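Colleague: I would like a close look at a single helix and the parts around it. Please keep it brisk, and tell me how far to trust the model.

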Amino acid sequence: MIQLENVTKTYPKASRPSLDQVSCGIEKGEFVFFIGPSGSGKSTIIKLLLHEVTPNQGKVVVNGRDVTSMRSWKIPHFRRSIGCVFQDFRLLPNRTAYENVAFALEVIGKTKAVARRVVPEVLELVGLGGKEHRYPHELSGGEQQRVAVARAFVNRPLILLADEPTGNLDPDTSIEIMRLLDRINRTGTTVVMVTHDSNIVNQMRRRVVEIESGRIVRDQARGVYG
Amino acid sequence: MQRLKYVLSEVMVGLWRNVTMTIAMIITMAVSLAMLGASGLMYMQVDSMKDFYYKNIEVAIFLDAEVTDAQRSELETQLKGDPLVREVIYESKQQAYEKFKTMYADAPDLVNAVKEGQLPESFRVRLKDPEQFKQIFDKYENTEGIETIVDQRRLLDKIFNILGSVQNMALAAASVMAIAALLLVGNTIQVAAYSKRREVAVMKLVGASNWFIQAPFVLEAVVAGLIGSIIAFAGLAAFKGFLLDGSLRDLTDLLTRLSWGDVLLMFPLMAGVGGLVSAITAWVTLRFYLRV
């Protein structure tokens, strides 16, 4: 599903590479944590998978497609097969929960009718039934992240990327979000999550890839934060 | 259909959100386009004037006061047989005086000061190709009985030079205004892109196509450009209607008349340039501010 082959990424003006000769394979339906201290290069992986940045060396293959050599006009279509959630939720403040999710559908050409059918369903799935018409500022942090998850998942992507999704949430709420991601993973969606939340990693007991200074130092099938 | 509706509503919202900037953009665009249209009109005007006047242009060969009959008739046969010449008309002193009288009928003092017989007789020569004056001049310059040879074209050229430099000034003003307009378009698009940065970020994230992300911004600039061209056209039409056909009537009668058709013809030019230039500017600006 996802293949990194000897990927090196050095940002302009950086003294050392963020990722240094990283190779890693992720199967369909897996749930993988990328862990490591700040600045270790784990977020760069998400950016590479989204083709927000391109590697200096090596190959990134997602869904059987070589992202590195992808033409720029194909990127938008490619991204529709990937859902993404972030630490800062990235919701539109002037739109309700429903509108935020529907917006993601409408801008890729889905009709309002489709949105009316699909959006309430996915909001129900993330546990926001009855709160569709609240604005982000009327929702708690956990609820906002649920909206973000709903938006990422509404298109039924093959892959869900999560960049520190619990970074702004308290431990209990974090656990709830993790349960949600776990449920999404059980539908067959590959989940890649970048985090430094040891609590969560230890509870979930999923595959853990640890990165330090741009290199993979550990890759464990049912790992803990360690 | 629905996406089109979305794009169009975004355009209206965009123009309204930043309304002072939009107005500034439209005004500079309108002034610049009006200048462009004016110089276009001037160009067509000069062209049609050249057509009109050059067709009737003559070389005047004024004869000496003491020219003999033999010299005159020899010159006439020579001119009539000249391959460069299309037509020769003889104008006697009498005829010259009559023409002078009608030409300056409203200046009786001048007419009275000149006596019949004082004006020289002349041959009015039409050339097959008005450009060949120099050859005629060289050929007959030293012929006995000729006082001077005058090319009327030279006189007209002076007028056309003046019109030409007015046209150039209008073009220069148009391009300076165009630079201002372009900068304003670029700035407006930047502000628009900034105020919609969250939406744009989400659109990129979920994989909205590039044209869909950019279209509202580009169209915003195009709509402003088109409104600018409509205002510029209204300005040109007002100029034609109130000034050229109104208070400046006497002046314009001297030149060839500017037709409404010509003025109308400037609209597609201005709209095309206004729309296209705005679109390109907006698109280029977005290349820098909405990196994928």
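Modeller: Here is a walk along one helix of chain A, followed by its surroundings and the open spaces.

This is a predicted model, where local features need pLDDT of at least 70, side-chain atom pairs count only at pLDDT 80 or more, and totals for chains, interfaces and linings use all residues. Residues are numbered from 1 along each chain as its sequence is written, chains are lettered from A and ligands numbered from 1 in the order written, and side-chain values use heavy atoms, with hydrogens and water left out.

Confidence comes next. pLDDT is the predictor's confidence in each residue, from 0 to 100. Chain A averages 92, and 100% of its residues score at least 70. Chain B has a mean of 83, with 97% of its residues at 70 or more. Within chain B, helix H10 (residues 249-254) is lowest at a mean of 66, and helix H8 (residues 197-206) is highest at 91. For the complex, the predictor gives an ipTM of 0.89 and a pTM of 0.74.

Now the helix, H6(A). Helices (H or I, at least four residues) and strands (E, at least two) are DSSP runs, numbered from the N terminus. H6(A) covers residues 171-186. Its 16 residues should span 22 Å at 1.5 Å a residue, and its end C-alpha atoms are 22 Å apart, which agrees. The expected span is 1.5 Å times one less than the number of residues.

At the start of H6(A), a side-chain oxygen of Asp170(A) comes within 3.2 Å of the backbone nitrogen of Asp172(A). After the helix comes Gly188(A), with a positive phi near 105°.

Which residues of H6(A) are buried? They are Thr173(A), Ser174(A), Ile175(A), Ile177(A), Met178(A), Leu180(A), Leu181(A), Asp182(A), Ile184(A) and Asn185(A). Buried means under 20% relative accessible area, exposed over 50%, and partly exposed in between (1.4 Å probe, protein chains only). An α-helix has 3.6 residues a turn, so residues three or four places apart point the same way. The cover over the buried residues of H6(A) includes strand S3 (31-35), helix H4 (112-125) and helix H5 (141-153) of chain A. It also includes strand S7 (159-163), strand S8 (190-195) and helix H7 (198-204) of chain A.

The loop between S7 and H6 of chain A holds Asn168(A). Asn168(A) counts as partly exposed because its relative accessibility is 47%. Leaving aside neighbours within four places in sequence, Asn168(A) is in contact (heavy atoms within 4.5 Å) with Gln87(A), Asp88(A) and Phe89(A). The side chain of Asn168(A) reaches the backbone oxygen of Gln87(A) at 3.2 Å. Asn168(A) and Phe89(A) are 79 residues apart in sequence, yet 9.1 Å apart in space, C-alpha to C-alpha.

H5(A), part of the cover of H6(A), has the highest mean pLDDT among the elements of chain A, at 96. H5(A) also helps line the largest cavity. A cavity is a set of points, on a 1 Å grid over the protein atoms alone, where a 1.4 Å probe fits but cannot get out; lining residues have an atom within 4 Å of a point. The largest cavity has a volume of about 120 Å³. Its lining has 15 residues, of which Ile82(A), Gly83(A), Arg151(A), Ala152(A) and Val206(B) lie nearest its centre. Strand S6 (82-86), helix H3 (97-106) and H5 of chain A, together with H8 of chain B, each give two or more residues to that lining.

Terms used
Polar contact = N/O pair within 3.5 Å; in protein donor to acceptor, adjacent residues only side chain to side chain. 1 Å grid on protein atoms, 1.4 Å probe; cavity = no way out; pocket = protein on both sides within 12 Å on 5 of 7 lines; lining within 4 Å. Points joined across faces, edges and corners; volume = space filled by probe spheres on them.
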